Amino acid sequence: MATPELLPATQAKRKLTGWELYRDVLKSPTKIVGPMVDQSELAWRILSRRYGAQLVYTPMISARVFADPSQKIFREEAFNMLHGEEGGREDRPLFIQFAANNPEALLTSAKMVEPYADAIDINFGCPQDIARRGRYGAYLCEDWDLIYKLINTLHVNLSIPVTAKFRIFSDVEKTIRYAQMMERAGAQILTCHGRTREQRGHKAGLADWNQIAAVKKAVSVPVFANGNVLYAEDVERCLSFTGADAYMSAEPQLHNPGIFYTPQSDSKSSPLDEEWSRSSDPPHASVALEYLSIIRSLKTPTASSAIKAHLFRLFYPAFLRPENHDLRNRLGAISWQRDGLEGYEDICREMDKRMKEVMEEGKEEAFPVDEETGLKRVPYWLCQPKVRPPPASSSPTKGIPKQPTKPLSSPIAPVTGSTGDALESKTELVATSVEGVSGTVMPIAVDDEIECQADIVVQSVMSGSVARAGEKRVLDATETLMEGTAKADGVDQGDTKRLKLQATSAE
């Protein structure tokens, strides 16, 4: 096991308060990349910092499993301490996040990674069914005694601060009391996601910035805001509206890591600056190639599922166009054992070649804003957010970006809602298992944030019939249904297939 580099001297002497951590160690960051399962892995964290992220979280880790001495392989995959890269020089500042419902297991896990992190974060925000079944994340929100004990156990026993990420209640006064309880327990930084536990998937709706502002006024520790930012210019607007100390991006940053980019960001990037086209709206092929170059430079393995999911997200606007469906299908069918990293690189180089051929014809200096939606119309060769329309019952909220009501026309990529909401009528999305294609499915609804594994409700494309309401069957991500896309009936009507974020448009 590699020896972790020493922590700052102030942190070695005594535990820092939230403001000392925020100002002295983190250097007053305003641009944060949140924890995302299978997506905020080491290589993506390094890329994110090159594009202006000032603090990055690890994916959520199960404290129960991580603490189990028999789970050596899980530990190495969740947070690799063998090569000294995770939590090393290129991977700071870093918060390591755990999901837990047992204080002893949480402390055991946190102690193991304590030398590699600037803080330990506890997930109280995951709204997915897997969190309900495991009783963690947002499904602890009514057990305040347990939440207090989880936070306080780390606060008392760790040498580094403990922080917490949570979702709001519909009642703002209850949200305020909830945040204050976490502060009393010892949480030194609070991240407030302005959605309730019920706001997920196609019911995600808009995050409530007013509640985030109320939390900021009610506590004395730094507060990070989370929810509704699509573009770089939205960050300052959110901070101004809420008074929060920083903004945390999750899903939008996966589609466009340039969301936090400024020219000053390059001062902290790699020696390869001139090779990559960095901007707040970078060419997605350039981002993909830089990401793969980081993977190639690391000793720490990167999961093939993470690579595939990142590339599907980056290339999403280009994959909507029929002339690029061949690359989409190649990416869906790629096998790490058969093709290795070179297979991904070949696809990215071909995409880069195609996008450069069309860039010169349609490149725009400024992107027009659609008056009806308030969204920028971004050319399909550039990174861009993927937008989900709010539920029909949602009403506009002051200070929050408008949501799309209709797709826009070529050569600008269509603005789409949640997976399957506004796709081209005949677009088929290839969902893949760990190794290769396992049926052609149409994703219908997923979570707005990769806080934990997403349930993707699917229907058989070939039969075209609607999935039966409420019918779900969870399939393991490594379970091979079949090879090839011709036998789409391998995915049953109404199934919930756990794809570990490898579907073409998993959110």
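Two strands are taken to pair if DSSP finds at least two bridges between them, and the strands and helices named on this tour are DSSP runs numbered from the N terminus (helices H or I, at least four residues; strands E, at least two). The model is a predicted one, in which local features need pLDDT of at least 70 and side-chain atom pairs count only at pLDDT 80 or more, while totals for chains, interfaces and linings use all residues. Residues are numbered from 1 along each chain as its sequence is written, and side-chain values use heavy atoms, with hydrogens and water left out.

**The whole chain**

Begin with the full protein, which has 17 helices and 14 strands. Of its 507 residues, 62% count as buried, where buried means under 20% relative accessible area, exposed over 50%, and partly exposed in between (1.4 Å probe, protein chains only). With contact taken as heavy atoms within 4.5 Å, 71% of the contacts between residues at least 6 apart in sequence join residues at least 24 apart.

**Strands β8 and β9**

Select residues 223-226, strand β8, and look at its two faces: Val223 and Ala225 on one side are buried, as are Phe224 and Asn226 on the other, which leaves both faces covered. Add residues 246-249, strand β9, which runs parallel to β8 and is joined to it by 3 bridges. Within this pairing, Ala225 has Tyr247 of β9 as its bridge partner. To follow the connection, show helix α11 (residues 232-242), through which the chain crosses from β8 to β9 in a right-handed β-α-β crossover; right-handed here means that, with the strands pointing away from the viewer, the path from the first strand over the helix to the second runs clockwise.

**Strand β7**

Next select residues 187-193, strand β7, which runs parallel to β8 and is joined to it by 4 bridges. Here Cys192 stands opposite Ala225 in β8. Helix α10 (residues 209-218) completes a right-handed β-α-β unit with β7 and β8. Because 7 of the 7 residues of β7 are buried, the strand is largely enclosed by the rest of the structure. On the side of β6 (162-167), 5 bridges join that strand to β7, and the two run parallel. One of the residue pairs to display is Lys165 with its bridge partner in β7, Thr191. The chain passes from β6 through α9 to β7, again as a right-handed β-α-β crossover.

**Helix α9 and its ends**

Select residues 172-185, helix α9, whose 14 residues reach 20 Å from the first C-alpha to the last, close to the 20 Å expected at 1.5 Å a residue (the expected span being 1.5 Å times one less than the number of residues). Colour its buried residues, namely Thr175, Ile176, Tyr178, Ala179, Met181, Met182, Glu183 and Ala185. The elements that cover these buried residues include β5 (119-124), α8 (144-157), β6, β7 and α10. At the N-terminal end, Asp171 caps the helix, with a side-chain oxygen 3.0 Å from the backbone nitrogen of Glu173. At the other end, α9 is followed by Gly186, whose phi is positive, near 125°.

**Ser170, in the loop before α9**

Move to Ser170, in the loop between β6 and α9. With a relative accessible area of 72%, Ser170 is exposed. When its neighbours within four places in sequence are left aside, Ser170 is in contact with Thr196 and Gln211. Ser170 and Gln211 are 41 residues apart in sequence and 9.1 Å apart in space, C-alpha to C-alpha.

**Thr302**

Now select Thr302, in the loop between α13 (284-297) and α14 (304-314). Thr302 has a relative accessible area of 12% and is therefore buried. Neighbours within four places in sequence aside, the residues to show around Thr302 are Glu41, Ala43, Tyr291, Ile295 and Ile307, with which it is in contact.

**Cysteines**

Finish with two cysteines: Cys141 counts as buried at 9% relative accessibility, and Cys192 is buried with a relative accessible area of 0%. With a disulfide defined as a pair of cysteine sulfur atoms within 2.5 Å, the count comes to 0 disulfides.

Technical notes. Polar contact = N/O pair within 3.5 Å; in protein donor to acceptor, adjacent residues only side chain to side chain.
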